[in-house]
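Okay, thanks for making room for me this week. Let me put the thing up on the screen and then walk you through it piece by piece.

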Number of protein chains: 2
Amino acid sequence: MEIPVTALLLDRETKASERPGDHKDELRLWLRLLTCSTLIESEIRTRLREEFKTTLPRFDLMAQLEKSTTGMTVGEVSQRLMVSNGNVTAVVAGLLADGLVDKRPAAQDRRVQVLTLTAQGRRAFKAMAERHEDWIAELFAGLEPAETAQLFHLLGRTKASLHQAINRRQSGQPTPTGDQT
Amino acid sequence: MEIPVTALLLDRETKASERPGDHKDELRLWLRLLTCSTLIESEIRTRLREEFKTTLPRFDLMAQLEKSTTGMTVGEVSQRLMVSNGNVTAVVAGLLADGLVDKRPAAQDRRVQVLTLTAQGRRAFKAMAERHEDWIAELFAGLEPAETAQLFHLLGRTKASLHQAINRRQSGQPTPTGDQT
DNA sequence: CGCAGTTATTTTAGGTCTGAAATAATTTTT
DNA sequence: AAAAATTATTTCAGACCTAAAATAACTGCG
């Protein structure tokens with residue numbers, strides 16, 4: 001039998017924050033995560049507008065298309081970006097109007113719309129992506145390499161936890177997710 | 001003179017990812033952070049809609065007001081939530097219509113609108129906040145306490161890095177930020 | 001074949017969000 | 001005190017986003 005050392009430690013160290021059913025720590029963690037996410041997002045949004053007169057949703061959509069040589073369907077993009085189909089339709093409409101994206105029904109299945117970047121779209125994206133990468137690096141520049149690695153790891157663990165909780169709720173069977181985001 | 005040991009190590013260890021000006025690691029970190037944030041946000045959004053027929057912006061706004069006994073101005077709320085003034089005006093309009101929030105000009109400065117929760121608003125918020133806290137705990141349940149603590153710490157470091165980068169860009173002088181989020 | 005069910009996308013209605021212009025009230029300067 | 005500058009909020013135009021309903025196209029089964 002082991003002596004429950006950790007239990008004793010916990011009793012002493014968590015007095016203020018472990019009242020029955022208290023989860024303030026997770027709440028604070030979530031708020032901090034949200035703060036970071038919002039700060040980055042709005043900074044990138046501002047710079048995209050100022051330097052390229054475009055928006056983050058447009059940039060994100062183009063980034064997806066750029067990664068796929070053969071094109072992507074509306075549904076695939078919507079899943080990747082975690083936004084609704086209708087939203088993809090709307091953002092694509094803007095990009096079509098600007099000649100950055102091409103949309104055409106698939107040959108085998110005419111329900112499906114295949115989206116690709118136009119030559120102009122690829123050029124425009126390349127310019128933006130380069131700057132974008134610099135901006136992100138700049139924003140994280142205050143962290144040591146070891147810290148970014150550790151953070152990346154912990155966010156991977158977090159993602160797994162989230163998928164687990166979300167799947168457990170929707171179906172009875174948790175689906176193991178092995179994607180690379 | 002010191003021997004640049006780290007330079008040698010770097011040369012060997014970072015061959016694939018440290019090409020001149022390559023910052024793919026930070027990019028991946030940002031994408032993962034965004035994924036986590038989006039997953040949590042949309043899950044909370046769904047549950048607020050299903051269980052309370054309300055929305056996340058409304059909940060967030062009420063959460064701010066609940067923390068302040070004396071009320072908050074439109075500007076304060078807008079800063080806290082990191083959204084525009086106009087947006088606060090719009091969300092408050094909805095809450096006013098539902099009788100959850102009270103708005104009145106300040107006595108000393110009639111430009112300022114002071115927002116407070118009504119009694120009904122406080123009741124409604126209390127019920128939601130309790131469930132909300134459980135949801136968040138559930139979402140992070142897959143992490144060990146040591147991991148959440150570590151993650152919280154690293155996100156604090158990240159926040160500092162972000163503020164540093166953002167301030168450096170806007171003014172010449174970085175403003176030290178000591179807030180508690 | 002023919003229709004029932006499924007799947008992919010678009011449309012619709014409504015809320016959210018922004019930046020910039022407009023409005024209104026206060027403070028500072030002269 | 002009057003004019004000028006500043007500050008707080010609202011309004012506006014436009015983009016984003018969602019859920020749910022509608023549309024359109026495919027699949028499979030009798």
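So, starting with the sheet in chain A: three strands, an open sheet, in the order S1-S3-S2, with antiparallel pairing. At the edges sit strand S1 (72-73) and strand S2 (101-105) of chain A, each pairing on one side only. Before I go on, housekeeping: this is a predicted model, so local features need pLDDT of at least 70, side-chain atom pairs count only at pLDDT 80 or more, and totals for chains, interfaces and linings use all residues. Residues are numbered from 1 along each chain as its sequence is written, while chains are lettered from A and ligands numbered from 1 in the order in which they are written.

My vocabulary is DSSP: helices are H or I runs of at least four residues, strands are E runs of at least two, both numbered from the N terminus. Two strands count as paired if DSSP finds at least two bridges between them. S1(A) and strand S3 (residues 113-117) of chain A have two bridges, in the antiparallel sense, and Thr73(A) has Val114(A) as its bridge partner in S3(A).

Over in chain B, strand S1 (residues 72-73) and strand S3 (residues 113-117) are antiparallel too, over two bridges. Strand S2 (residues 101-105) of chain B pairs with S3(B) over five bridges, again antiparallel. Val114(B) is the bridge partner of Thr73(B), and Arg104(B) stands opposite Val114(B) as well.

What lies across the strands of chain A? That's helix H3 (residues 56-67), which lies across S1, S2 and S3 of chain A and runs at about 95 degrees to S3(A). For that angle, axes are lines fitted to C-alpha atoms, for helices over the stretch in contact, and angles run from 0 to 180 degrees between N-to-C directions.

Now the two chains together. Contact means C-beta atoms, placed from the backbone, within 7 Å, and by that rule 48 residues of chain A touch 48 residues of chain B. On the chain A side, helix H2 (24-52), helix H6 (119-139) and helix H7 (145-170) each give two or more residues, with H2(A) supplying the largest share, 18 residues. By type, that side has 24 nonpolar, 13 polar and eleven charged residues; Ala, Val, Leu, Ile, Met, Phe, Trp, Tyr, Cys and Pro are nonpolar, Asp, Glu, Lys and Arg charged, and the others, Gly among them, polar.

How do the copies relate? A turn of 180 degrees and a shift of 0.0 Å along the axis lay chain A on chain B with an RMSD of 0.0 Å, so they are related as by a two-fold rotation axis. That's a least-squares fit on C-alpha atoms of residues with pLDDT of at least 70 in both. And 100% of the interface residues of chain A are interface residues in chain B too, so the copies meet through the same surface.

On to the DNA, where "near" means a C-beta atom, placed from the backbone, within 6 Å. Strand D has 23 residues around it, and Pro57(A), Ser84(A), Gly75(B), Asn85(B) and Gly86(B) come nearest. H5(A) gives the most to that surface, five residues. Around strand C there are also 23, the closest being Gly75(A), Asn85(A), Gly86(A), Pro57(B) and Ser84(B), and here H5(B) has the largest share, five residues.

Last, confidence: pLDDT is the predictor's confidence in each residue, from 0 to 100. Chain A averages 86, and 82% of its residues reach 70 or more. Residues 7-15 of chain A are below 50, with zero contacts beyond near neighbours in sequence.

How values were computed
Two residues are in contact if their C-beta atoms, placed from the backbone, lie within 7 Å.
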